[in-house]
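Visitor: I would like a close look at a single part of this protein. Please pick one helix, and then show me how it fits with the rest.

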Amino acid sequence: MARRSDHSREELSELVIQAAAAIAAAEGWQAVTMRAIAGRIGYDPGSIYNAVGDLDAVLLRVNAATLEALAAQLEAVLRRFGPEADITARALAIADGYMQFVAKNRRLWASVLERVPAADAAVPDWYAAPRTRLIETVSAAIAPLYPNAKARRRAVVALWAALQGVAALATGGNLAFAAGEIDARDIARSIVQRYLTGSETAPKN
């Protein structure tokens with residue numbers, strides 16, 4: 001494949017990330033290779049490496065973009081609520097938004113979960129930022145229920161782990177084994193409601 005120079009390094013980097021994300025969304029992150037990306041954008045693998053880095057770097061960029069998209073979606077969900085809105089109602093809306101996003105972007109979300117940075121690797125700021133943004137969005141929504149920062153962070157992690165379990169079962173096709181006809185969204189809402197209030201009574205707003 002001939003070497004091209006039609007784009008700046010920044011433009012090429014964006015093309016690479018878009019192509020890699022498209023492949024991951026359609027076929028899974030395992031199908032993302034330098035050769036597959038090169039075939040989509042018409043640049044040789046060497047140019048891709050020079051613009052973005054190796055395959056790990058490319059997938060990390062894809063995952064960062066996925067986290068940014070989820071954060072933006074959850075923030076948009078919360079903007080529908082006024083300052084006096086019921087805290088549990090906001091948390092339930094976050095759960096709905098999360099479940100919808102994972103269902104729509106199943107393979108991209110699998111990449112986020114399965115292609116995590118190595119424990120001893122330095123996490124780039126551009127990857128840490130959207131991850132922090134997500135945590136802070138949920139944390140702020142439930143803050144009045146958890147004045148203690150450590151307890152609040154624990155609640156955020158606990159809820160995420162529980163919802164991810166439901167989402168993984170739902171997108172993997174195994175939820176019906178235990179849930180039967182019960183909808184994954186209803187299960188997610190039940191978890192949030194019971195965790196935050198100790199009951200499953202639906203909020204009034």
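**A close look at helix 7**

Guide: Start with length. Helix 7 covers residues 125–142, which is 18 residues. At 1.5 Å a residue, the expected span is 26 Å. The C-alpha atoms at its two ends are 26 Å apart, so the expectation and the model agree. Keep in mind that this is a predicted model.

Now ask which residues of helix 7 are buried. They are Y127, A128, P130, L134, T137, V138, S139, A141 and I142. Buried here means under 20% relative accessible area. Across the whole protein, buried residues make up 40% of the 205 residues.

Next, look for a partner. Helix 5 spans residues 87–104. Its axis and the axis of helix 7 come within 8 Å. The two axes cross at roughly 155°. Angles over 145 degrees count as roughly antiparallel, so helix 5 is roughly antiparallel to helix 7.

Which residues make this contact? Helix 5 brings I87, R90, A91 and I94. Helix 7 brings V138, A141 and I142. Look back at the buried list: V138, A141 and I142 are on it. By class, the contact of helix 5 with helix 7 has 6 nonpolar residues, no polar ones and 1 charged.

Now set another pair beside this one. Helix 1 (residues 9–27) packs with helix 4 (residues 55–78). Their axes are 9 Å apart, and the angle is about 80°. Angles from 65 to 115 degrees count as roughly perpendicular, so helix 1 is roughly perpendicular to helix 4. From helix 1, the contact uses V16, I17, A20 and A21. From helix 4, it uses V58, R61 and V62. The classes here are 6 nonpolar, no polar and 1 charged.

Step back to the whole chain. The protein has 10 helices and 0 strands. Take the contacts between residues at least 6 apart in sequence: 69% of them join residues at least 24 apart. One pair of distant positions is R194 and T88. They are 106 residues apart along the chain, yet their C-alpha atoms are separated by 9.9 Å. R194 sits in helix 10, residues 184–197. Its relative accessibility is 44%, so R194 counts as partly exposed.

Finish with the surface. The protein exposes about 11300 Å². Carbon and sulfur atoms supply 54% of that area.

Key:
Residues numbered from 1 in each chain as written. Predicted model: local features only at pLDDT ≥ 70, side-chain atom pairs only at ≥ 80, totals over all residues. Heavy atoms only, no water. Helix = DSSP H or I, 4+ residues; strand = E, 2+ residues; numbered from the N terminus. Expected span 1.5 Å × (residues − 1). Buried < 20%, exposed > 50% of the residue type's maximum accessible area, 1.4 Å probe, protein only. Axes fitted to C-alpha atoms, helices over the stretch in contact; angles between N-to-C directions. Parallel < 35°, antiparallel > 145°, perpendicular 65-115°, else oblique. Contact = heavy atoms within 4.5 Å. Nonpolar A, V, L, I, M, F, W, Y, C, P; charged D, E, K, R; others polar. Areas by Shrake-Rupley, 256 points an atom, 1.4 Å probe, with all protein chains shown as cover.
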